[in-house]
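Subject: Structure for your review

Dear colleague,

Please find below the structure that I am handing over to you. My findings follow it, and I would ask you to read them with the model open.

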Amino acid sequence: MLEIEITKPTLLLVDDEPVNLRVLKQLLANDYQLIFARNGEEALKLAQTRQPNLILLDVMMPGLTGFEVCRQLKQLSSTRHIPVIFVTALNDEHEETEGFEAGAVDYITKPISPAIVKARVKTHLSLVQADELLDSRLQVVQRLGKAAEYKDNETGMHVMRMSHYSKELALAYGLTDKQAEILLHAAPMHDIGKIGIADSIMLKPGKLTDEEFATMKNHPEIGAEIIGDCGDSLLLKVAKSVSLTHHEKWDGSGYPKGLAGEDIPIEGRICAIADVFDALTSKRPYKDAWSIEKTVDFLQSQKGKHFEPRLVDLMIEIMPKILDIKATFRDED
């Protein structure tokens, strides 16, 4: 059986007074790996080489102050992600404000309370772990989206373009920045179900037979099955919804459920128009790229049919942004 070693989180303790380091060591050594620094210069070196999970940093030290150390840590790409908690005798509001402006996540005043130190360290390490989990989920979604590209005539740039189109449309529609960002990362999963469609159908150069097309129409539900139970992950929930609903049509003539109007989730409605716009304006082995004018005419002809009318209007309204995205993520010749 594969054995995975679970290591304790590493804390960097920084203080010019040995007695303060001993107190923290006694308090934290049982639960964490500890490394120590007696001044700011040493702390900067250890932070870069040892990559601790969290730093407890004194403010008043000879040489570099804690504020200066924190500012430098936040300027370095290799250390800016490490949370810093100031541990200091200073309790002036101005000093505390300066600490937060330097990039600290918390403040503990001396003389320290053991219970407060333990609780604050545990809380901020939990936040780090939550961020790491979200990042891991995002990477899984991106890699699954990449896998779907190998089953299609479309390119990776198509996925990038339609995802960014979707984000801009979401913002124009009135979704929040957070919602639009989640859609940006979920949209690449829209065709993940094509993994489950036979290559003889997916890679067929000519027109599909009715039977083959009926099989192709299973890919939204296959995608939803691949993503599966999403638990508490909003990213995966949106990805599953996008996979399942991006072929539904405003007038109810789409698939797989024949949903109509606002019964289609907004993420599905947005990705539908973003996906079609990019497919039409991109060159493929079986077709030339449509002009923007011809594509816009088609979108307008599909208002209230394939697409929500408001989304067609917004797509045309933000067309300068759409064309900037198209130019940024061009297909290779």
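The search for enclosed space gave two cavities of 30 Å³ or more. Please bear in mind throughout that this is a predicted model. The general idea behind such a search is that rolling a probe the size of a water molecule over the atoms shows where empty space is left.

Which residues line the second largest cavity? They are Glu 248, Lys 249, Trp 250, Ile 264, Arg 269, Ala 272, His 306, Phe 307 and Glu 308. This lining divides into four nonpolar residues, one polar residue and four charged residues. The space inside the second largest cavity amounts to about 50 Å³.

For the protein as a whole, the secondary structure consists of 15 helices and five strands. The chain has 333 residues, and 44% of them are buried. If one takes the contacts between residues at least 6 apart in sequence, 60% join residues at least 24 apart. The accessible surface is about 17,700 Å², and carbon and sulfur atoms account for 52% of that area.

I should next like to direct you to Ser 282, which is found in the loop between helix H12 (266-280) and helix H13 (292-301). Is Ser 282 buried or exposed? Its relative accessibility is 2%, and buried means under 20%, so Ser 282 counts as buried. The side chain of Ser 282 takes part in a polar contact of 3.1 Å with the side chain of Arg 161. The side chain of Ser 282 also reaches the backbone oxygen of Asp 278, at 2.6 Å. Once residues up to four places away in sequence are set aside, Ser 282 touches Arg 161, Lys 287, Asp 288, Ala 289, Lys 326 and Asp 331.

A second residue to examine is Lys 167, which belongs to helix H6 (residues 156-173). Lys 167 has a relative accessibility of 21%; partly exposed covers values between 20% and 50%, and therefore Lys 167 falls in that class. Lys 167 and Leu 183 are 16 residues apart along the chain, yet their C-alpha atoms are separated by 6.2 Å. Apart from neighbours within four places in sequence, the contacts of Lys 167 are with Ala 180, Glu 181 and Leu 184.

Finally, some details of the backbone deserve your attention. Where are cis peptide bonds found? One runs from Lys 110 to Pro 111, with omega near -5°. Pro 111 itself is in the loop between strand E5 (106-109) and helix H5 (114-149). Another cis peptide bond joins Tyr 255 and Pro 256, where omega is about 10°. The place of Pro 256 is the loop between helix H11 (234-245) and H12.

Gln 51 is not a glycine, although its phi is positive, at about 50°. Gln 51 sits in the loop between helix H2 (40-50) and strand E3 (54-57). With a relative accessibility of 32%, Gln 51 counts as partly exposed.

Yours sincerely,
A colleague

Terms used: Residues numbered from 1 in each chain as written. Predicted model: local features only at pLDDT ≥ 70, side-chain atom pairs only at ≥ 80, totals over all residues. Heavy atoms only, no water. Helix = DSSP H or I, 4+ residues; strand = E, 2+ residues; numbered from the N terminus. Buried < 20%, exposed > 50% of the residue type's maximum accessible area, 1.4 Å probe, protein only. Contact = heavy atoms within 4.5 Å. Areas by Shrake-Rupley, 256 points an atom, 1.4 Å probe, with all protein chains shown as cover. Polar contact = N/O pair within 3.5 Å; in protein donor to acceptor, adjacent residues only side chain to side chain. 1 Å grid on protein atoms, 1.4 Å probe; cavity = no way out; pocket = protein on both sides within 12 Å on 5 of 7 lines; lining within 4 Å. Points joined across faces, edges and corners; volume = space filled by probe spheres on them. Nonpolar A, V, L, I, M, F, W, Y, C, P; charged D, E, K, R; others polar.
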